[in-house]
Amino acid sequence: MQRKEDSESVFNFGDLTIPIPAEDYEKVLGSELKSWLNKVESFDFQSFDGMKLHVYTACPDKPRGIVFFIHGFGEFFAKYYEFCALLTHSGYAFVFPELRGHGLSGREVDNPDLVHIESYDLYVEDIKALVERLVKPLSSRLSVPAYIFSHSMGGAITALYLERYPEDFKKAILCAPMLKMKLGNKELPILFWLSLRKLFRGGKSLAPTLKPFDEVPVFENSNCLSYERYITYFKMRVEDPAYRTQVGTSAWVYASIRATRKALREAGRIRTPILLLQAGLDRMVDNKAHEAFIQKVKEQSQIEFVSFPASKHELYSDSDAVITRFYRRILAFLEKV
């Protein structure tokens, strides 16, 4: 469907308006957006080591490109309904896998609250398997370019991927990328302590100071500024244990620190043009690392930087005005020759 922009504040697609008006959010999910969701395909994909990855995909008529998603820590497909609907209505296909340890994908621990991984190399090789067996064949069949969008932890995974496989995507969008966790001056002591914990086989246990999922919502402590979006997806977490992942094991924290250090250290290997979107009020990632990353990427590639000074970590869950600006910058970046 041709995108129509009736004003600077919204995208209109017939009966569907994006951003969905906050007061109508839950209702629209069950009506206009549900009809779109019925056209989304989902299936299980067996990764390089046999791990099951659950994948969602949709393709509009006459697509102009494919957007491959790498979501953030503790996330799942439903949080991106609005964004994916915008993409398909704007002429883009998408491929959205739920990462190992998340959503309906396979896990390495039984507790649904926990995300466990020994190394981010596993994430990178999962992505490579999906790219080679799904994205590249689809891109070739449709004769359209492939792009990658990532958020938070997905940004660290994407940076590592682009450093290792620089030719796989035409452009990359990093939303509040986790290029360094916000640990202050405690990163080295934490890394040392966690290495000891792993050595004594405590890697699969809940990381110290972190708390498992609590069925009592606390919007003020969340990473978003849209209460309607927050409470809608919180209810999904309460109803389905598969969506409750929100804390990492000791091994995950250890792997994350090592991965972000490597991603930042080797950023000069990236050849893919990048759009980096930063949340000014981010409590999860250290925005200072973005500056170092940008300077290194500039050595070999192009990088655009956009700041949302008054936004929290989840830029796609903000005021309607911010969400609109967020989507417009992404579409402009994809459409630019």
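This report walks through the main sheet, some helices and a few unusual backbone spots of a predicted model.

**The sheet**

A good place to begin is the open sheet, whose 8 strands follow the order β3-β4-β6-β5-β8-β9-β11-β12. Pairing in this sheet is mixed. At the edges stand β3 (41–46) and β12 (303–308); each has a single partner strand, so one side of each is left without a neighbour in the sheet. From one strand to the next, the twist averages 20°.

Two pairs of strands show what mixed pairing looks like. Strands β3 and β4 run antiparallel and are joined by 6 bridges. Here D44 has H54 in β4 as its bridge partner. The hairpin of β3 and β4 has 5 residues between the strands, and G50 in this hairpin takes a positive phi near 90°. In contrast to that antiparallel pair, β5 (residues 65–70) and β6 (residues 92–98) run parallel, with 4 bridges between them. If you look at I66, you will find A93 of β6 opposite.

As you trace a strand, keep one general point in mind: in a regular strand, side chains alternate between the two faces of the sheet.

**Helices on the sheet**

Which strands does helix α3 (residues 81–89) lie across? They are β4 (52–58), β5, β6 and β8 (146–151), and α3 runs at about 150° to β6. Of the 9 residues of α3, 9 are buried, so this helix is largely enclosed by the rest of the structure. Among these buried residues are Y81, F83, L86 and H89. After α3 comes G91, with a positive phi near 100°.

Helix α10 (residues 320–335) lies across β5, β6, β8, β9 (171–175), β11 (274–279) and β12. Its direction is at about 175° to β12.

**Two helices that cross**

Helix α5 (residues 153–164) and helix α8 (residues 250–265) have axes that come within 9 Å and cross at roughly 50°. The two are therefore oblique to each other, and their crossing is left-handed. On the α5 side the contact is made by M153, A156, A159, L160, E163 and R164, while α8 brings W252, A259, T260, K262 and A263. Sorted by class, this contact has 7 nonpolar, 1 polar and 3 charged residues.

The spacing of such residues is easier to follow with a rule of thumb: an α-helix has 3.6 residues a turn, so residues three or four places apart point the same way.

**Unusual backbone spots**

Most residues other than glycine have a negative phi, and most peptide bonds are trans. Against that background, two residues that are not glycine are worth finding in the structure: K62 and S152.

| Residue | Phi | Place | Relative accessible area |
|---|---|---|---|
| K62 | about 50° | loop between β4 and β5 | 80% |
| S152 | about 55° | loop between β8 and α5 | 8% |

Is K62 buried or exposed? With a relative accessible area of 80%, K62 is exposed. S152, on the other hand, is buried, at 8%.

The last spot concerns a peptide bond. From I18 to P19 this bond is cis, with omega near 0°. You can find P19 in the loop between β2 (16–18) and α1 (25–29).

Terms used: Residues are numbered from 1 along each chain as its sequence is written. This is a predicted model: local features need pLDDT of at least 70, side-chain atom pairs count only at pLDDT 80 or more; totals for chains, interfaces and linings use all residues. Side-chain values use heavy atoms; hydrogens and water are left out. Two strands pair if DSSP finds at least two bridges between them. Axes are lines fitted to C-alpha atoms, for helices over the stretch in contact, and angles run from 0 to 180 degrees between N-to-C directions. Contact means heavy atoms within 4.5 Å. Angles under 35 degrees count as roughly parallel, over 145 as roughly antiparallel, 65 to 115 as roughly perpendicular and the rest as oblique. A crossing is left-handed if the near helix is turned anticlockwise from the far one by less than a right angle, and right-handed if clockwise. Ala, Val, Leu, Ile, Met, Phe, Trp, Tyr, Cys and Pro count as nonpolar, Asp, Glu, Lys and Arg as charged, and the others, Gly among them, as polar. Buried means under 20% relative accessible area, exposed over 50%, partly exposed in between (1.4 Å probe, protein chains only).
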